[in-house]
Amino acid sequence: MSAPGRKGETVWALTGRRFLKHRLAVVSLGVLAALALAALSAPLASALLGVDAGAVDLFNRFQGASWAHPLGTDEIGRDILVRLLYGGRISLFVGLTAAFASAVIGTMVGLLAGYYGGRLDAFLMRTTDGVIALPLLPLLIVLAALDLGKIGLPEAVATSEYISLYRIVVIVALVGWTTVARLVRGTALALRERQFVLAAEAQGASALRIMTVHILPNLASPIIVATTLSVGNVILLESVLSFLGLGIQPPIPSWGNLLTNAQELIFEAPSLAFYPGVLIFVTVIAFNFLGDGLQDALDPRATERRG
Amino acid sequence: MTRFLFHRLWQSALVLGLMSFVVYSLIGLMPGDPVDLMITADPKITAEDAARLRELYGLNKSIFERYGNWLAAALSGDFGYSRLHAKPVMQVIIPALGNTVTLLGLSFALALAIALPAGIAAAYRPYSKTDYAINLAAFAGISVPPFWLALMLIIVFAVILGVLPAGGLGTLGAGGIWENARFLVLPVASLTIASIGGHTRYMRAAMIETLRQDYIRTARATGAGEVRVVFGHALRNALIPVVTIIALDFGYLFSGALITETIFAWPGMGRLIYDAIMGNDFNLALVALLLATLLTLVGNFLADVAYVWLDPRISFREVER
């Protein structure tokens, strides 16, 4: 699948050309940009429609679509469209930050294990295997149910409005780093025997410098691909936890917790359950296609190996 | 072989032991303790009573002492009482485990029966229209939120069409086997769809890789038919990585069971864990979580064994590394 480089073409132009060949990835990038823009302009939509995201209107429950409420209203008369847009801000924020945090932890663990090898490598990789082997969701539920006051967080922090947001980012990062760690470790293990690393060592470069300046840049492609793919997974995980009532806490809307009440109202208002799920689905599949496209563009050898 | 297996078993036991302590401590960090719950139930309990009760149950001791006591009791077969069910923990867990095994077993078999042929079909002509369609479907399966899929199935089959029950477990003895089997259809379907996508992509990748090998070209050159090439020569080799990856997904299956069982009110392990954690049933939550971990570790262990057994080229030392 890899396109041969043309004469005088830079690496970036070649990468861009390969990416554009993956049509689904290009479409996905557009879809994600549109979703992000829509989510960012949530306050604008709210102002244009003249409705507040949290405004309760008990006389107008379960309204159908209208000019005032393009997607209708929910069980206590709040505008569904505006809440979906605000929910998108939260879900995208959690997906991006938690995936980034996981990548940072995974890169550090993988670099240390791959560069130093030996006992440290064995210890870190056994820990990684251990985390991978755990039944994830049941344990995440325990973590999400913890009383933050009991682990010594100050009262003001533990009860602040956005604590559920930070908590979910931390929880996901705590378990999400394993893929990147394994990937980085494997590549770092091979890179540290290469001549440019040995040359740097011979010149007396410190371990930190070799890891960050010489090895890390060569790992950028697999890390970027894995992180893109993990954004989708994080969004799915956040939505599951929020759906179960353990993730983002109402009244902050997220695509997951918008579905929490939908199950009880499934006979009265099936459409309430429909929209948030569609948005999660579209976002996650777009991130997966984007990751696939980036892999074709940045790491063509891996694609050849995978077919 | 024995040395490798022993090493692996020892490692799994170590992980399980560590997990038992971690989970025990985490559960201690959840809101409230058993005495708090008694105070809520009976407002007449005074502060002195509460202190005496904490003393009686050992709640004022250090976490290590409490864990030691729990472990000693657990090792002698006493896992304590479930608060929610007012029964010994094991009596609650065993029927739930049976229900989960039925659900997971059926959907696991069904997912493989669909995903493996689909993966092979996609791999046979990579980048063809068939491959494209299968790939698209697989990506959709990976990306759909499992609980939302379950809700949509309920809306279509229980609300709009009204042909299948929205949840629960049939009453035994009423309506016969087929009547009861109807309760399984939607949970099994949603769990199956959730895992088909991943399996299909593994199978496709492994098969493409295998079909590119020299021995496949040799087989074709000797005049073997396409059916014989794909199923006689390629399939067994392609299955090696697939078996391992799928067996390693065991923990993931449990997560799926938790979501599916909660939505369809299926009385299995997943829902049991969820209810126990939400209802502050500490004993039950602890044992159920550890059992889920144990089963996952057993799955991983079997995956290792299967890997070595399927592929004699892999030396045990390599796997240990």
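This is a short walk through the structure, one selection at a time.

Before you click, know that the model is predicted: local features need pLDDT of at least 70, side-chain atom pairs count only at pLDDT 80 or more, and totals for chains, interfaces and linings use all residues. Residues are numbered from 1 along each chain as its sequence is written, chains are lettered from A and ligands numbered from 1 in the order in which they are written, and side-chain values use heavy atoms, with hydrogens and water left out.

**Stop 1: a helix in chain B**

Select residues 63-75 of chain B, which make up helix H4. Helices here are DSSP runs (H or I, at least four residues), numbered from the N terminus. The expected span of a helix is 1.5 Å times one less than its number of residues. For the 13 residues of H4(B) that comes to 18 Å, and the end C-alpha atoms are indeed 18 Å apart.

Now show the side chains. Which residues of H4(B) are buried? They are Tyr67(B), Trp70(B) and Ala74(B). Buried means under 20% relative accessible area, exposed means over 50%, and partly exposed is in between (1.4 Å probe, protein chains only). Look down the axis of H4(B): its buried residues fall within an arc of 65°, so they line one face of the helix. That arc is taken from the directions that run from the helix axis to the C-beta atoms.

Turn to the face that points away from the buried side, and you'll find the exposed residues Phe64(B), Ala72(B) and Leu75(B). To see what covers the buried residues of H4(B), add helix H1 (2-28) and helix H13 (282-310) of chain B, which are included in that cover. Before moving on, click Gly77(B): just after H4(B), this glycine takes a positive phi of about 90°.

**Stop 2: two buried residues in chain A**

Jump to Leu84(A), in helix H4 (residues 80-116) of chain A. Its relative accessibility is 5%, so Leu84(A) counts as buried. Add Pro253(A) to the selection: the two C-alpha atoms are separated by 7.6 Å, although the residues are 169 apart along the chain.

Next is Ile141(A), which you'll find in helix H6 (residues 136-145) of chain A. Ile141(A) is buried too, at 0% relative accessibility. What does Ile141(A) contact, leaving aside its neighbours within four places in sequence? In chain A there are Leu241(A), Leu244(A) and Leu246(A), and in chain B there are Leu258(B), Tyr274(B) and Ile277(B). Contact means heavy atoms within 4.5 Å.

**Stop 3: where the chains meet**

Colour the two chains separately. Here 51 residues of chain B are in contact with 44 residues of chain A. The area buried between them is about 4300 Å², with 74% of it from carbon and sulfur atoms. Buried area is the accessible area (1.4 Å probe) that two parts lose on being put together, summed over both. In chain B, pick out Leu29(B), Phe147(B) and Trp148(B): they lose the most area to chain A, together 14% of what that side buries.

Between chain B and chain A, 5 residue pairs are in polar contact (both at pLDDT 80 or more). Such a contact is a pair of N or O atoms within 3.5 Å; within protein, one must be able to donate a hydrogen and the other to accept it, and residues adjacent in sequence count only if both atoms are side-chain atoms. On the side of chain B that touches chain A, H7(B) gives the largest share, 8 residues.

**Stop 4: salt bridges**

The structure holds 7 salt bridges over all chains. A salt bridge is a side-chain nitrogen of Lys or Arg within 4 Å of a carboxyl oxygen of Asp or Glu.

Zoom in on Arg185(A) and Asp121(A), whose side chains meet in a salt bridge (2.9 Å, N to O). Arg185(A) lies in helix H9 (residues 178-191) and Asp121(A) in helix H5 (residues 118-133) of chain A, so the pair ties together parts that are 64 residues apart in sequence. Arg185(A) is buried at 16% relative accessibility, and Asp121(A) is buried at 9%.

Arg182(A) forms a salt bridge with Asp129(A), the closest N and O atoms being 2.6 Å apart. Arg182(A) is partly exposed, with a relative accessible area of 41%. Add Arg126(A) and you have a network of salt bridges linking Arg126(A), Asp129(A) and Arg182(A).

For the last stop, return to the interface, where the rule finds 1 salt bridge between chain B and chain A. Select Asp292(A) and Arg201(B), whose side chains meet at 3.9 Å, N to O. Both Asp292(A) and Arg201(B) are buried.
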